[in-house]
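Trainee: Please take me slowly through one part of this model, starting from an aromatic ring and working outwards to whatever surrounds it.

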Amino acid sequence: MSDLVEIRDLHISYETARGIVYALDGVDLTVYPSQILGIVGESGSGKSTLGMAIGRLLPSNSHRTSGDLFVNGQSIFDIGDEEIRLLRQESLGFVFQNPISTLDPTMRVGRQIRLVLNGPASDDSVYELLGRVGLPDVKRVARSYPYQLSGGMAQRVVIAMAISRHPSLLIADEPTASLDASVREQILKLLLSVREETGVAIVLLSHELGLVAKYCDTIAVMYGGRLVETGSNVSVFRRPGHPYTKALLEAAPGNERPGDWLEAIPGVPPVLQSSAQGCVFEPRCKFAHETCRTVRPVLRPIENRMVACHRAEEVLKIEPTAAATHGRIA
Ligand SMILES: Nc1ncnc2c1ncn2[C@@H]1O[C@H](COP(=O)(O)OP(=O)(O)OP(=O)(O)O)[C@@H](O)[C@H]1O
Ligand SMILES: [Mg+2]
């Protein structure tokens, strides 16, 4: 399979009033056509930075220190502004957390859709697109301003706009975080059906483990700007090989047996002001030993996944969590 996105040893930092923040600290990742890749990790782990980097949408205080990122074999850092605009328009679609703020509040939905369709679009093509994302009464929706729509309807409109140019990749950054639980499921089901219909690949960035476990075929776990484990949903979530993946699963609601306590991950995720010499999870890890503090673990293949952990063999020997065994992640 040819690669849609190929990320190689990517380092991205931000300049802030309090100094440099190392948001991506050497990330290697490949996205294949039609894949649904879920990227999980606590707040600050670098998910959004990674998602925005794919479209070269990073803010001006960001800086690529080293590494590269290819979309359809083309380095997005090497191409000019016009080429990146075309790439975004023709190959990439973005869906963000807050649909209402993604849409232009001063313009009716139909007009906004016509603009992204880019060219003389008929009313029928606007209605057809709104119908494809499951919106009822498409004429009324097209006549509405964004504030007249519910959050779920607005997110459907955003998805309609994102898929209007038949992209090969959709980047969905917490697309359901501002929506009710029942609407969340509907939006993810919609993304899944769009994938089935069009073959678009989806990168879903989320801290909601349950949703990612339910809808993604491949999982990448991020911590402290690094990728710590990646592999198929079944390999990674049924039997985690990284202590951080294991800790995330144990802390996720829905994983407990009746009467059990959820196991919180001790400590807080780091804001990286320097690149850790060893494993970035070491200060919070119950498996850590001396080497973890001094030697950076690299992603290596072990039991059907890639793990960046010196102790992965020991972690894999431990009984899978109850949730993982029963597939009960909420
Ligand atoms: N525009 C910015 N300027 C300065 N620092 C930033 C900026 N955006 C992100 N960061 C920092 O970069 C690190 C990674 O942030 P990022 O938003 O990529 O993480 P995330 O995994 O998406 O988190 P969340 O789950 O909260 O969305 C964090 O330490 C964050 O504070
Ligand atoms: Mg984010």
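Mentor: In this predicted model, Phe96 is partly exposed, with a relative accessible area of 30%, whereas Phe94 is buried at 16% (buried is under 20%, exposed over 50% and partly exposed in between, with a 1.4 Å probe and protein chains only). Residues are numbered from 1 along each chain as its sequence is written, with chains lettered from A and ligands numbered from 1 in the order written. Local features need pLDDT of at least 70 and side-chain atom pairs count only at 80 or more, while totals for chains, interfaces and linings use all residues, and side-chain values use heavy atoms, without hydrogens or water.

Rings of Phe, Tyr and Trp (its six-membered ring) pair if their centres lie within 6.5 Å, with planes under 30 degrees apart called stacked, over 60 edge-to-face and the rest tilted; the count comes to 5 aromatic pairs. In one of them, Phe94 and Phe96 have ring centres 5.9 Å apart and planes at 15°, so this pair is stacked. Tyr223 and Tyr244 offer another case, for their ring centres are 4.5 Å apart and their planes stand at 55°, so that pair is tilted. Tyr223 belongs to strand β9 (residues 218-223) and Tyr244 to helix α11 (residues 243-251), so the pair ties together parts 21 residues apart in sequence. Helices (H or I, at least four residues) and strands (E, at least two) are DSSP runs numbered from the N terminus. Tyr223 and Tyr244 are both buried, and with Phe281 they form one aromatic cluster.

Returning to Phe94, we find this residue in the lining of the largest pocket, where Phe94, Arg88, Leu92, Val116 and Met161 lie nearest the centre among 21 lining residues. The elements that give two or more residues to this lining are α2 (81-91), β6 (92-95), α4 (109-117) and α7 (151-163). A pocket is an open set of points on a 1 Å grid over the protein atoms alone, where a 1.4 Å probe fits, with protein on both sides within 12 Å along at least five of seven lines, and lining residues have an atom within 4 Å of a point. The lining divides into 11 nonpolar, 6 polar and 4 charged residues, with Ala, Val, Leu, Ile, Met, Phe, Trp, Tyr, Cys and Pro as nonpolar, Asp, Glu, Lys and Arg as charged, and the others, including Gly, as polar.

Leu92 sits in strand β6 and is buried, with a relative accessible area of 5%. The C-alpha atom of Leu92 is separated by 8.7 Å from that of Arg165, although these two residues are 73 residues apart along the chain.
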